[in-house]
Amino acid sequence: NLLSGARFDKHSLLDDIVVSPRLSFLYKLRKETQFRLTYSTGFRAPQAFDTDLHMAFSGGGVSRIILADDLKQERSKSLSASVNYDRAKEEYVYGFTFEGFYTHLKDAFYQDPTGDSDSYGDIFVKRNGAGARVKGLTMELRANFNQIVQLESGFTLQQSLYDEAVEY
């Protein structure tokens with residue numbers, strides 16, 4: 001199976017509509033085994049998020065985030081591949097999923113400390129960096145016995161790095 005699509009997004013801080021195409025390929029080797037390959041793009045609009053404020057609170061203080069005048073949207077290109085196996089019998093179901101993923105961010109956001117503060121705390125400017133890469137592996141295991149006991153477990157190993165070092 002080959003699936004494709006695109007998202008068309010408009011944001012008040014962006015001049016143009018952002019098109020984010022996606023493409024997914026699914027191959028069923030047998031009834032219980034399938035392989036999936038997915039390519040997608042995305043964007044994040046230039047805005048201060050609640051998570052930015054949460055990061056400031058968790059560090060023990062309050063901070064203010066200002067958007068840089070030339071801040072552009074962050075763009076992403078992602079690729080993932082997975083294999084999924086599920087075996088079902090009348091008394092039990094068990095299975096696993098292995099997935100690898102890779103995302104490249106263009107104009108990745110980072111918070112640049114100005115060194116200034118006001119009555120609210122430290123002031124940071126959200127800027128665009130060169131880019132960033134996120135990659136990793138995920139493993140999930142699952143089992144259900146007679147619809148009485150269900151076990152699920154998952155593990156993700158991930159690395160996230162800016163293309164150029166960001167110092168705080």
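**Confidence.** I began with the scores of this predicted model, and I noted that the chain averages a pLDDT of 84, with 80% of the residues scoring at least 70. I then looked up where the extremes fall: confidence is lowest in helix α1, residues 50–58, at a mean of 53, and highest in strand β6, residues 92–106, at 97. Where pLDDT is low, the predicted coordinates should not be read in detail. I therefore leave the geometry of α1, with its mean of 53, out of these entries.

**The hairpin and its neighbour strand.** I turned next to β6, the strand with the highest confidence in the chain, and looked up its pairing with β5. The two strands pair in the antiparallel sense over 14 bridges, and they form a hairpin with 3 residues between them. To fix the register for myself I wrote down one opposed pair, in which Ser82 stands opposite Glu99 in β6. β5, which covers residues 74–88, also pairs with β3, residues 33–44, again in the antiparallel sense and over 12 bridges. In that pairing I noted Tyr39, which stands opposite Leu79 in β5.

**Aromatic rings.** Which residues form the aromatic cluster? I found Tyr85, Tyr92, Tyr94, Phe96 and Phe98 joined in one cluster, while a search of the whole structure finds 4 aromatic pairs. One of these is Tyr92 with Tyr94, which is stacked, at 5.8 Å centre to centre and with 20 degrees between the planes. The angle of 20 degrees lies under the 30 degrees required for stacking, so I accept the label for this pair. Phe96 and Phe98 form another pair, which is tilted, at 5.1 Å centre to centre and with 50 degrees between the planes. This angle falls between the limits of 30 and 60 degrees, and the pair therefore counts as tilted.

I also checked whether these rings are buried or exposed, and took the residues one by one. Tyr92 is partly exposed, with a relative accessible area of 28%, and Tyr94 counts as partly exposed at 34%. Phe96 is likewise partly exposed, at 26% relative accessibility, and for Phe98 I recorded a relative accessible area of 39%, which again makes it partly exposed. Buried would require under 20%, so Phe96, at 26%, does not qualify.

**The open sheet.** I then followed the sheet that contains β4. Here 3 strands form an open sheet in the order β4-β8-β7, and the pairing is mixed. Which strands stand at the edges? They are β4, residues 63–67, and β7, residues 109–118; each has a single partner strand, so one side of each is left without a neighbour in the sheet. On average, neighbouring strands of this sheet are turned by 30 degrees against each other, direction ignored. I looked at β4 with β8, residues 121–128, in more detail, and found that they pair in the parallel sense over 5 bridges. Within this pairing, Ser63 stands opposite Asp122 in β8.

**The loop between β9 and β10.** My last entry concerns backbone angles. Asn146 lies in the loop between β9, residues 131–145, and β10, residues 149–162, and its phi is near 55 degrees, a positive value in a residue other than glycine. Gln147 is placed in the loop between β9 and β10 as well, and the phi of Gln147 is also positive, near 55 degrees, in a residue other than glycine. Gln147 has 75% relative accessibility and therefore counts as exposed.

Notes. Residues numbered from 1 in each chain as written. Predicted model: local features only at pLDDT ≥ 70, side-chain atom pairs only at ≥ 80, totals over all residues. Heavy atoms only, no water. Pairing = 2+ DSSP bridges. Helix = DSSP H or I, 4+ residues; strand = E, 2+ residues; numbered from the N terminus. Axes fitted to C-alpha atoms, helices over the stretch in contact; angles between N-to-C directions. pLDDT = per-residue confidence, 0-100. Buried < 20%, exposed > 50% of the residue type's maximum accessible area, 1.4 Å probe, protein only. Phe/Tyr/Trp six-rings, centres within 6.5 Å; stacked < 30°, edge-to-face > 60°.
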